[in-house]
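Me: I have a structure to work through, and I would like to ask about it step by step. Please keep the answers short and show the reasoning.

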Amino acid sequence: MRVAIAGAGLAGLACAKYLTDAGHTPIILERGDVLGGKVAAWKDEDGDWYETGLHIFFGAYPNLLSLFKELGLEDRLQWKEHTMIFNQQQKPGTYSRFDFPNLPAPLNGIVAILRNNDMLSWGEKIRFGIGLIPAILRGQNYVEDMDKYSWSQWMKRQRMPQRVEKEVFVAMSKALNFINPHEISATILLTALNRFLQKKNGSKMAFLDGSPTERLCQPLVDYITARGGEVRLNAPLKEILLNEDHTVSGFLIRGLDGAEDEVLSADAYVSAMPVDPLKLMLPQPWREMEFFQKLEGLEGVPVINLHLWFDRKLTDIDHLLFSRSPLLSVYADMSNTCREYAHSKRSMLELVLAPAQDWIGKSDREIIDATMEELQKLFPDHFGGDNPAKLLKFHVVKTPRSVYKATPGRQAYRPSQTTPIKNFYLTGDYTMQQYLASMEGAVLSGKLTAQAIAHDAPSALDTSSSNSKNEVSVVER
Ligand SMILES: Cc1cc2nc3c(=O)[nH]c(=O)nc-3n(C[C@H](O)[C@H](O)[C@H](O)COP(=O)(O)OP(=O)(O)OC[C@H]3O[C@@H](n4cnc5c(N)ncnc54)[C@H](O)[C@@H]3O)c2cc1C
């Protein structure tokens, strides 16, 4: 069966991979000239990579880790020490760590929290632990139900100390969805805590050993094309064409550089685009259907990813750092954390600026100047004195609409991978799956979509070619 997929982000690529495994033939159309969507990366004129986002892989990502295994790429994940490192606001240039001991979960997480005395007092830790009891006892149903509250509201209801939010959860909330605790749904943080604490290595982090485009997306394309699939860059979906019964008759591809538009016909069609462009492209008859109307409740959140190259080493820490800065979220010295970006004498800081609402419209220079001010607090030894570190060059990558903004109530708007249109499917991190808007969520959604298509073929769909019914299996751990 031929399946046309619009979008070569992780969801579209994973969907295509699992379709080929089930004996089908995917054709991916990607609007841009680079693979990966929100994990896309580019090489500058000096041969240095810069990326859409600083990306961390977690032990709690079963479907993504199994994808690495299936592609034979496991050695590309550079696993770091099992710890979480926070900058200390009151003591610039110092760090506070949550070190996870080699114990079964959730004991290792509990010990990590109890052993950290820099950020929280014993009284605060105990009140936080008591507040979490309903989530532990009542599980995922309770977690989903809490989508009606923001994290700040939920903490207040659980009578948790305000300082716990300020010390720990501002950083977590910005890292997970690029917004602050008064905006983010309680379900997001509770889900993350659940995933991180339930598995021994759930919160263990890895960096990819190079650019995601080259080290993860290209092998996926090689896998897909070796099995008869196709991936076309610079092939934007312009319009979803319909039959009289409102099923899809074809994908109209916009001709670039004066070329004619082209119609791609297939047996099934998938949108692997983010929710924002999909909403703009919905055919008129679908806009009257409740299923598609609900997409209006989802909207991408702005975020900015920064890369700064310095004339010296600012730190030797080989890990992700939570900046706890009002301007910045997480960051890492990629010259330490990533094999391909390694440098023994110079730092390359990759930093996420969030919330980015007030910054997305500003010039790169304004953004870099504000970031340099923050760096003076994070690295006082290198920016004070007579010989401050010099910024050699920078790249600013703005994503005005990234992952969907996970404010309270959004869970109800997340669509399933199957739609009321029998030959049209959705995939993407925003679609309903048990992980958040993340790389794991994207890969899992791709798998679920491939599974749904393989399940429906050939009976429910108008098929012409292969009739393989191999199963696609989702890893639930
Ligand atoms: C700054 C930043 C940091 C992040 N950090 C992490 C992290 O540490 N860990 C983690 O797990 N996740 C992280 N994420 C989230 C993660 O990157 C995403 O959840 C995931 O990559 C989304 O994949 P996707 O395939 O659903 O969507 P996308 O990657 O957005 O893919 C959609 C694709 O559709 C294409 N497209 C759009 N319109 C058209 C059209 N008309 N025709 C054809 N193609 C089209 C786009 O070009 C794109 O390639 C981060 C994201 C950002 C932005």
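Me: Which residue has a backbone N or O atom 2.9 Å from a nitrogen atom of the ligand?
Reply: Keep in mind that this is a predicted model. The atom on the protein side belongs to the backbone, and its partner is a nitrogen atom of the ligand. The distance is 2.9 Å, and the residue is L237.

Me: How much of the ligand's accessible area does the protein cover?
Reply: On its own, the ligand has 1000 Å² of accessible area. There are 34 residues around the ligand, and E30, K38, H55, Y61 and D429 come nearest. Helices α1 and α15 each supply at least two residues of this shell. The protein's share of cover is 94%.

Me: How far is an oxygen atom of the ligand from an N or O atom in the side chain of E30?
Reply: E30 is among the residues that come nearest to the ligand. Y61 is another of them, with a side-chain N or O atom 2.7 Å from a ligand oxygen. For the side chain of E30, the distance is 2.6 Å.

Me: How many of the 12 residues of α1 are buried?
Reply: α1 reaches 16 Å from its first C-alpha to its last, close to the 16 Å expected. Its buried residues are covered by elements including β1, β2, α2, α8 and α15. The helix is mostly covered, and the count of buried residues is 11.

Me: Where is the kink in α4 centred?
Reply: α4 has 24 residues, and a straight helix would reach 34 Å. Its end C-alpha atoms are only 29 Å apart. There is also a kink of about 125 degrees, centred on G139.

Me: Which helices do the buried residues of α4 pack against?
Reply: The buried residues of α4 include F128, L132, Y142 and V143. An α-helix has 3.6 residues a turn, so residues three or four places apart point the same way. The packing partners are α3, α5, α6 and α7.

Me: Is H307 buried or exposed?
Reply: H307 lies in strand β15. Beyond its neighbours in sequence, H307 is in contact with residues including W49, M348 and F394. The cut-off for burial is under 20% relative accessible area. H307 has 0% relative accessibility, so this residue is buried.

Me: Which residue's backbone nitrogen does the side chain of H307 reach at 2.9 Å?
Reply: The partner sits in strand β4. This partner counts as buried because its relative accessibility is 3%. Its contacts include W42, N305 and H307. The residue is E51.

Me: What is the omega of the peptide bond from A105 to P106?
Reply: Most peptide bonds are trans. The bond from A105 to P106 is cis, and P106 is in the loop between β8 and α3. Another cis bond runs from A354 to P355, with omega near -10 degrees. For A105 to P106, omega is near 0 degrees.

Me: What is the phi of N234?
Reply: Most residues other than glycine have a negative phi. N234 is not a glycine, yet its phi is positive. N234 is in the loop between β10 and β11, and counts as partly exposed because its relative accessibility is 42%. Its phi is about 50 degrees.

Me: Is R324 buried or exposed?
Reply: R324 is in the loop between β16 and β17. Its phi is near 55 degrees, a positive value in a residue other than glycine. Its relative accessibility is 10%, so R324 counts as buried.

Definitions and conventions
Residues are numbered from 1 along each chain as its sequence is written. This is a predicted model: local features need pLDDT of at least 70, side-chain atom pairs count only at pLDDT 80 or more; totals for chains, interfaces and linings use all residues. Side-chain values use heavy atoms; hydrogens and water are left out. Helices (H or I, at least four residues) and strands (E, at least two) are DSSP runs, numbered from the N terminus. The expected span of a helix is 1.5 Å times one less than its number of residues. The bend at a residue is the angle between axes fitted to the seven residues ending there and the seven starting there. Buried means under 20% relative accessible area, exposed over 50%, partly exposed in between (1.4 Å probe, protein chains only). Contact means heavy atoms within 4.5 Å. A residue is near a molecule or strand if one of its heavy atoms lies within 4 Å of it. A polar contact is a pair of N or O atoms within 3.5 Å; within protein, one must be able to donate a hydrogen and the other to accept it, and residues adjacent in sequence count only if both atoms are side-chain atoms. Accessible areas come from the Shrake-Rupley method with a 1.4 Å probe; for residues, only the protein chains shown count as cover.
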